[in-house]
Amino acid sequence: MTGTSLDGIDVALVDFAGSSPRLIAAQGTPLSDDLRSQLLALQLPQPNELHLAQLAANVHSDACADAIHALLAQAGYAASDIEAIGNHGQTIRHRPECGYTLQIGNHARLAEKTGISVVGDFRSRDVAAGGQGAPLVPAFHQALFASPTERRALLNIGGIANVSLLIPQENTCGFDTGPGNVLMDLWINQQQGLRYDKDGNWAASGQVLPDLLTRFLQDGYFAQAAPKSTGRDLFHQDWLNGHLAHRSDSPADVQATLCALSARSIADTLRAQKIDTLYVCGGGAHNKTLMHMLAIELPASHITTTEALGVAPDWMETYAFAWLAKCCIDRSPANLPTVTGARGLRVLGAIWPV
């Protein structure tokens, strides 16, 4: 799994042979500066982008192969022990309103370099059926973590934040709430040359600017009803620069306000749900300032990480795509029309066999 944050490649080794899935091992590998630059450049249109996208897909697949080999060596497994790789690929366009979503990744190359069958292109079938193609993890959350008594929400805070609502006796619901880390990452990179705000320390040093927060929240995405999904196609550098034009705010105050935007936009979707426990995963789970803001916004909910469910926050998403790959191999539908808005259940993904 590589996500919107473009921070690294996460690999999980999952055993589905027993009565319930078992996470055997997991490992994260940072993206090289060169690959990250290539992928960031592809987020917006540019000359010769088809050629550049294919070159980036090759480099991305090579990096995934290296990460897979490293994890297998660490865990003591051979390629012949593995039934398949579930490869999300890197999203460079997400335009379900235009009938497509594009995750680059040379799946044939990955199969060739690892000797393992690859399952990829998970989102396109749902989009073809009229859905958003995202988020896809709520079906996984429902299958493994729903409770018959507790009103739960599972929140992934990656570059974009998405939530799964697991309410007893109700259909599972899920959607992208808006920016998670993406705008904070863009701002600290622009101001300090860093990839992310470690622990949210820079945001904690600033003050939330109420007028700027209100301005951010006026974006029409936040008022849209579910099903909905978003990405860097909307929340990008130009979006941020446009909102900050002709202002002279302290950079730390802007960071604090961007952190508050993530917390508020998440909380606004959860208040009416009367969630008992909010389980947080993704990189944002390590942002202490963001977690503190969420606790203030949602005082009636217990907020913890998915560690309480037995899955470390860093590995929940890649675990989910292993599960989605298994569903594809079994020809089992893995989307939730109540989440994506698709016309019905669909088998997701395509297989590159060895």
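**Exercise 1. Find Pro135 in the predicted model and say what is special about the peptide bond before it.**

*Solution.* Start with the location: Pro135 sits in the loop between helix H4 (124–128) and helix H5 (137–145). Now look at the bond that leads from Ala134 into Pro135: this bond is cis, with omega near -15 degrees.

**Exercise 2. Track down the cis bond from Ala226 to Pro227 and the backbone angle of His246.**

*Solution.* Go to the loop between H8 and H9, where you'll find Pro227. The peptide bond from Ala226 to Pro227 is cis, and its omega is near 5 degrees. Next, move along to the loop between H9 and helix H10 (251–270), the place of His246. His246 isn't a glycine, yet its phi is positive, at about 65 degrees.

**Exercise 3. Work out how the rings of Tyr221 and Phe235 are arranged.**

*Solution.* A pair of aromatic rings is described by two things, the distance of the centres and the angle of the planes. Step one is the distance: the centres of the Tyr221 and Phe235 rings are 6.1 Å apart. Step two is the angle: the planes stand at 90 degrees, and over 60 counts as edge-to-face, so this pair is edge-to-face. Step three is the chain: Tyr221 and Phe235 both lie in the loop between helix H8 (210–217) and helix H9 (237–244), 14 residues apart. For the overall tally, the structure has nine aromatic pairs.

**Exercise 4. Which parts of the chain does the salt bridge between Lys113 and Asp62 link?**

*Solution.* Side chains of opposite charge can pair when their charged atoms come close. For Lys113 and Asp62, the N to O distance is 3.8 Å, and the cut-off is 4 Å. Now place the partners: Lys113 belongs to helix H3 (residues 107–114) and Asp62 to helix H2 (residues 49–75). They are 51 residues apart, so to speak distant parts of the chain. The structure holds 13 salt bridges.

**Exercise 5. Describe how domain 1 and domain 2 meet.**

*Solution.* Take it in stages.

1. Set the bounds. Domain 1 covers 8–133 + 315–352, and domain 2 covers 137–313. Their centres, taken over C-alpha atoms, are 23 Å apart.
2. Count who touches. Domain 1 puts 27 residues into the contact and domain 2 puts in 28.
3. Look at the area. The two domains bury about 2,300 Å² between them, with 64% of it on carbon and sulfur atoms. On the domain 1 side, Met316, Trp323 and Val339 lose the most area to domain 2, and together they make up 28% of what that side buries.
4. Check the polar side of things. There is one salt bridge between the domains, and eight residue pairs are in polar contact. Asp33 lies within the bounds of domain 1 and Arg195 within those of domain 2, and their side chains meet in a salt bridge at 2.5 Å, N to O.
5. Ask which elements are involved. Helix H1 (33–41), strand S4 (90–95), helix H12 (316–329) and helix H13 (337–340) each supply at least two residues of the domain 1 side. H12 gives the most, with six residues.
6. Sort by class. The domain 1 side that touches domain 2 has 15 nonpolar, seven polar and five charged residues.

Terms used:
Residues are numbered from 1 along each chain as its sequence is written. This is a predicted model: local features need pLDDT of at least 70, side-chain atom pairs count only at pLDDT 80 or more; totals for chains, interfaces and linings use all residues. Side-chain values use heavy atoms; hydrogens and water are left out. Domain bounds come from an automatic or database domain assignment. Contact means heavy atoms within 4.5 Å. Buried area is the accessible area (1.4 Å probe) that two parts lose on being put together, summed over both. A polar contact is a pair of N or O atoms within 3.5 Å; within protein, one must be able to donate a hydrogen and the other to accept it, and residues adjacent in sequence count only if both atoms are side-chain atoms. Helices (H or I, at least four residues) and strands (E, at least two) are DSSP runs, numbered from the N terminus. Ala, Val, Leu, Ile, Met, Phe, Trp, Tyr, Cys and Pro count as nonpolar, Asp, Glu, Lys and Arg as charged, and the others, Gly among them, as polar. Rings of Phe, Tyr and Trp (its six-membered ring) pair if their centres lie within 6.5 Å; planes under 30 degrees apart count as stacked, over 60 as edge-to-face and the rest as tilted.
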